[in-house]
Amino acid sequence: TKIRKPKTAKPIPGPEPWPLIGSLHLLGKYETPFEGFTALSKIYGDIFSITMGSTPCVVVNNFDLIKEVLITKGGDFGGRPDFMRFHKLFGGDRNNSLALCDWSVLQKTRRSIARTYCSPRFTSLQYATVNTVGANELDAFMTEMQKLPLNTPVDIKPVVLAACANMFLQYMCSTSFPYDDQQFKKVVRDFDEIFWEINQGYAVDFLPWLLPMYSKHMSKLSQWAADIREFILARIVQDHVNTLDYHAPPRDFTDALLIHLRDDPNMEWNHIIFELEDFIGGHSAIGNLVMMILASVVKYPEVAKKIQEEVDEVTRGQRYVNLFDKAAMPYTEAVLWETLRKGSSPIVPHVASTDTEIEGYPIKRGTMIFLNNYELNLSPQYWDEPEKFKPERFLSPAGNVVKPAHFIPFSTGKRTCIGQRLVQCFSFIIVSTLLQNYNITPGSEIKIKPGCVAVPPDCFKVILIPRNLKSN
Ligand code: HEM
């Protein structure tokens, strides 16, 4: 066997840690820790070490280093952090979650099943199913939207989230729920609370001795997750078990998981519920992204106008958009990319699963790696006028969507986001349909946190003004 020998034993530069808190105090003054990482990279360089609490961490700040961690040495950096919050969300063990577990053979199998269903290719049968599901739900969604009062501030997030949840449930579980089903409404809210939580950084992640102060918070997380799993079991999976035909092709993701349970001795009943919790939960990410897109759309009316021009041209005001219209609506797609760039959601930290190296620097097993995509998304080194919201930057002179290689909002490599195609599909049809039918203006102050694609569960309101049909 080949013994890895680091090219150099020089230590990685970085701030000297304080006892107990390490260098956490250096990040406190920034709105997002990633802003702090960028500032520290100006002092210590594109790769630096930082101790968070007592956890040794390394931050990598340029595209070449990020590629080295995620792709070239992806196998060495397949682990995830051991945050207490992650355990609380998945029945006490984060390895129950596909997104938060360490890399393993079980994870590899689960990932490959999930990819078949949750990452549909443009020409696949699944893509056609996603399209049908989206079209069905758009009808229900717009019926619900029409119940909201016009020309006055309204909170549309719960309706948007319910639509996303139903799209996911139809696609992954062949079921959906009425928008006024109280249990469904509660579960959609619970998922959203969790999504907001998981997007926050907490000192307690690195300072376990703070846990007693967070005990109420942690039990809230466990409770939301437990309520969700109860709902999934009682109102979704039970029916599937009763109607599953093991000799027929799987109807959906849930069937595929149940068949896998029968065939793989490593798979346990719990894994199915946890995996559905993980994946159905993806709908909150999309609902929040839709709200982020709307935040920009209402701030920049010229952006809304251009989306409306595209949607009107494609549909001639006669129908809703569908996924096969996407190719003819590059500006609308560019708005999604620009929102993801500016929102700059952090990449979940990776952890070295073995002693290894980055750029010749030795890295010890267990070191946590932060990939500073905040820097990739917002630095003048990579973008022209990075502070401006300019969807055009993603369009070629011929009007096609182009994304620079260093733009990786869904990360890259073996742990890249599995839901990215569903994100593109469902956010596209929801935003287009809303703007096809309404002019939308702010209904309350809109505050967006940097380095975050989540908006709080109770977020900003908007004013819906029905569009003059003649302009359609
Ligand atoms: C705005 C929407 C979303 C963004 C910006 C996003 C971004 C990301 C990022 C940056 C990662 C980390 C990859 C890494 O660690 O290298 C990730 C992982 C993941 N995402 Fe997403 N995601 C979104 C929506 C979704 C949705 C809708 C689903 C489910 C259908 C999903 C499923 C996953 C899973 C399962 C992983 C973990 C993969 C693994 O660890 O092996 N994501 N996502």
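1. Two strands count as paired if DSSP finds at least two bridges between them. By that rule β1 (residues 47–52) and β2 (residues 55–60) pair, with six bridges joining them in an antiparallel run. The model under discussion is predicted.

2. The β1–β2 pair is a hairpin with two residues between the strands. Glycine 53, in the turn, has a positive phi of about 60 degrees. Within the pair, serine 49 is set opposite valine 58 of β2.

3. The hairpin belongs to an open sheet of four strands, in the order β1-β2-β7-β4 and with mixed pairing. The edges are β1 and β4 (350–351); each has a single partner strand, so one side of each is without a neighbour in the sheet. At the β4 end, two bridges connect β4 with β7 (residues 368–371), and these strands run antiparallel. One of the residue pairs there is valine 351 with its bridge partner in β7, methionine 368.

4. Is isoleucine 369, a residue of β7, buried or exposed? Isoleucine 369 has 24 other C-beta atoms within 10 Å, and 20 or more is the cut-off for burial, so this residue is buried. Once neighbours within four places in sequence are set aside, its contacts are Val58, Val60, Val69, Phe77, Pro349, His350, Val351 and Ala352. Histidine 350 is 19 residues away from isoleucine 369 along the chain, yet their C-alpha atoms are separated by 5.2 Å. As a general point, side chains in a regular strand alternate between the two faces of the sheet.

5. A second open sheet has three strands in the order β3-β9-β8, with antiparallel pairing. Here β3 (153–154) and β8 (438–442) are at the edges, each with a single partner strand, so each has one side left without a neighbour in the sheet. Five bridges join β8 to β9 (residues 462–466), and the two run antiparallel. Tyrosine 438 has proline 466 in β9 as its bridge partner.

6. On the ligand: 27 residues surround it, and those that come nearest are Ala99, Gly282, Ser411, Cys417 and Gly419. By class, the shell is made up of 18 nonpolar, six polar and three charged residues. At least two shell residues come from each of the helices α4 (105–118), α10 (269–280), α11 (282–299) and α15 (420–437). Which helix supplies the largest share of the shell? That is α11, with four residues.

7. Cys417 deserves its own entry. In an unreviewed UniProt entry, the annotation "binding site" covers Cys417. Cysteine 417 is in the loop between α14 (373–378) and α15. This residue is buried, because 21 other C-beta atoms lie within 10 Å, against a cut-off of 20. Apart from its neighbours within four places in sequence, cysteine 417 is in contact with Phe410 and Ser411. Ser411 is also among the residues that come nearest to the ligand.

8. Valine 105 gives the opposite case on burial. This residue lies in helix α4 and is exposed, because its 8 other C-beta atoms within 10 Å fall under the limit of 12 or fewer. Valine 105 and serine 219 are 114 residues apart in sequence, and 31 Å separates their C-alpha atoms.

9. Helix α5 (residues 125–145) has 21 residues and spans 30 Å from its first C-alpha to its last, close to the 30 Å expected at 1.5 Å a residue. Buried in α5 are Val130, Val133, Gly134, Glu137, Leu138 and Phe141. The cover over these buried residues includes α6 (157–173) and α15. An α-helix has 3.6 residues a turn, so residues three or four places apart point the same way.

10. Helix α7 (residues 182–198) has 17 residues and reaches 24 Å between its first and last C-alpha atoms, close to the 24 Å expected at 1.5 Å a residue. Its buried residues are Val187, Val188, Asp190, Phe191, Asp192, Ile194 and Phe195. Among the elements that cover them are α3 (84–89), α6, α8 (215–243) and α11. Helix α11 thus appears here in the cover and in point 6 as a source of four shell residues.

Technical notes
Residues numbered from 1 in each chain as written. Predicted model: local features only at pLDDT ≥ 70, side-chain atom pairs only at ≥ 80, totals over all residues. Near = placed C-beta within 6 Å. Nonpolar A, V, L, I, M, F, W, Y, C, P; charged D, E, K, R; others polar. UniProt positions renumbered as here; feature names shortened; annotations may be inferred. Contact = placed C-beta atoms within 7 Å. Expected span 1.5 Å × (residues − 1).
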